[in-house]
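Trainee: I have a model open and would like to learn how to read it. Could you walk me through it?

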Amino acid sequence: MDWLFWAPVMCAGVVTGASTGLLGGYIVGMRIPFLGICVAHAALAGAVFGALCGLTGPSLLVPALAAASISAVAVGLVDPQTVRMDLNVMLGILFSLMMGLAFLGLGLFSVYGVSDNEVRNLLWGSLAFCRWRDVWIMVASAAAELIFVVVFYKEMRAILFSRTHAAAAGVHATLVWTLFLLVASLVLTVNFQTVGGLMIYSLLANPAVAASQLVRGCGRTLVVSAALGAASGLGGLWISAATDLPTGAVIVIVSSLLVVLAIAWKRAWKRGESHVSGEGA
Amino acid sequence: MSAAAIEIDGLSVTRGGRTILAVERLAVDAGEVLGVLGPNGAGKTTLLKCATGMIRPSSGSIRVLGHPVGRLGPIGLARLRRRVALLAQILAPGGEMPLTLREVVSIGRTGRAGLLRPLSRHDWRLVDQWIEHLGLRELARQPYGLLSGGEQRKALLAMAMVQEPEILLLDEPTANLDAYWREQIVATLGDLHRKGNLTIVLVCHDLETLPAGTHRVLVLRAGRVVAQGTGAEVLTHERIEDLYGPGLTVLRREGRWLLAPHGAGGCR
């Protein structure tokens, strides 16, 4: 294994897995996993139009982040009770709009006779070609996410239970929810550039689902979700490096296997618990 | 009792071209216990939601603790809601996150603690006291989603109580509860009112839920106030028949009210 090549890739895998795993704890906790893929596609649409305007490389992050933030804030400011529409339905509409815009932009590349290779990579990601500069950007976004989680821990715990109940108890639910969406759009956009839209969805959902099977309580679930996300990223990359299998696919499979193992462990533990209580009786 | 805790003037709420609540004038004094009765769709829940600013009225005004609810911005509304606890009729399903019962109850302290401040030892002590008081200690570390409907109802009541509110708005607080816990909660409400001068607005279908110290009863039908006054003035046989149809009568025992089939006694 060429460590000089794999070291930044492995670090990126750990940071991406941990930060999306932590974010997934909230997103899955609120039963809105569609938010991840919706914001990721808004970032893709932003990057596509940025590329059409002549931007390349890391500068594509700017239009991607702008589009992701605008879509996230739009979701945050619309009150589902006022528009009488479930949040997941709203996200579905926004997702289809963003996907439509992204593919419209991709179509315009051929109209203008420009290569669309760079933006097409965003769909699938390019984790195996990640360099230290990318890792530092990921670390910065993960740090911003961690600060948000620590500062607004109790408010987000209330929102995780129910935005309506949190607001009724005098929590600044709309403000904190909108800030969360901005942080989510930052984390998703930064990681989306390296891991791609498809892998980010599995890293958001799978570690969080596995964590909710293993532990109770908000803090523990978030920590375990982040740890399982990091394990998915590192484990997947390790297997990929050792076997030459496609990196993204292996990471997705590893994170899915963690869910299966967590469910199996929970069932076995429950069976053992009922067996012990049966013996006691 | 002193100044009005809640004052309503020409309040009207319209949804889809239909007026779902129209209250010309209503004042709930500080320290008063007001029972709100009425058939389904009478506007009882809408009245409570207006008082917390969760529904903006189409016209008129509602002042809570001296604040015009309809004109408050998000910050003013959040501040007011910390002083007014609402126990909703519909149980919150909770999310996918396995929040423990203790964490759910602590939501009642979250707004009061304010932004950028963690919950203090005093906050957690209050949370644990109410968990103990409502007989939930054994379940404190259990995920909220695994609790029964009655246990969830008690958890949400504890969440409202840890807010230490000045006004308590209860929407069918004893739904899903067995008779033992219904009586415990009615007794708790009576104690709270006696000790803390708490204003209570209690929406219910079962008259048994009204504590003995209920000062006034308000009856809504199709969004309009059809009667208000003391229990003895309002809860007549004719009124009960008008609200719930024939076959039921109202009984009074030691200051409490209950509905029973005809022939089970009568007003005393």
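Mentor: Let's take the interface, then a salt bridge, then helix packing. This is a predicted model, so to speak: local features need pLDDT of at least 70, side-chain atom pairs count only at pLDDT 80 or more, and totals for chains, interfaces and linings use all residues. Residues are numbered from 1 along each chain as its sequence is written, chains are lettered from A and ligands numbered from 1 in the order written, and side-chain values use heavy atoms, leaving out hydrogens and water.

Trainee: How much area do chain A and chain B bury between them?

Mentor: The size of an interface is often given as the accessible area lost when the parts come together. Here the two chains bury about 2,900 Å², with 65% of it on carbon and sulfur atoms (accessible area with a 1.4 Å probe, summed over both parts). A:Lys154, A:Arg157 and A:Phe161 supply 25% of what chain A buries against chain B, more than any other three residues. In contacts (heavy atoms within 4.5 Å), 33 residues of chain A touch 36 of chain B.

Trainee: How many salt bridges are found across that interface?

Mentor: Side chains of opposite charge can pair when their charged atoms come close. The rule (a side-chain nitrogen of Lys or Arg within 4 Å of a carboxyl oxygen of Asp or Glu) finds one across the interface of chain A and chain B. A:Arg31 pairs with B:Glu96, their closest N and O atoms being 3.0 Å apart. Over all chains, the search finds 12 salt bridges.

Trainee: And at what angle do α8(A) and α3(B) cross?

Mentor: Axes are lines fitted to C-alpha atoms, for helices over the stretch in contact, and angles run from 0 to 180 degrees between N-to-C directions. Helix α8 of chain A (residues 153-161) and helix α3 of chain B (residues 101-113) cross at roughly 130°, their axes coming within 9 Å. That makes α8(A) oblique to α3(B) (under 35 degrees is roughly parallel, over 145 roughly antiparallel, 65 to 115 roughly perpendicular, and the rest oblique). Residues making the contact include A:Arg157 and A:Phe161 on α8(A), and B:Ile107 and B:Thr110 on α3(B).

Trainee: Which residues of α2(A) and α3(A) meet?

Mentor: Within chain A, the axes of α2(A) and α3(A) come within 7 Å and cross at roughly 140°. Among the residues that meet are A:Ala43, A:Gly46 and A:Ala47 in α2(A), with A:Ala64, A:Ala67 and A:Ala68 in α3(A).

How values were computed:
Helices (H or I, at least four residues) and strands (E, at least two) are DSSP runs, numbered from the N terminus.
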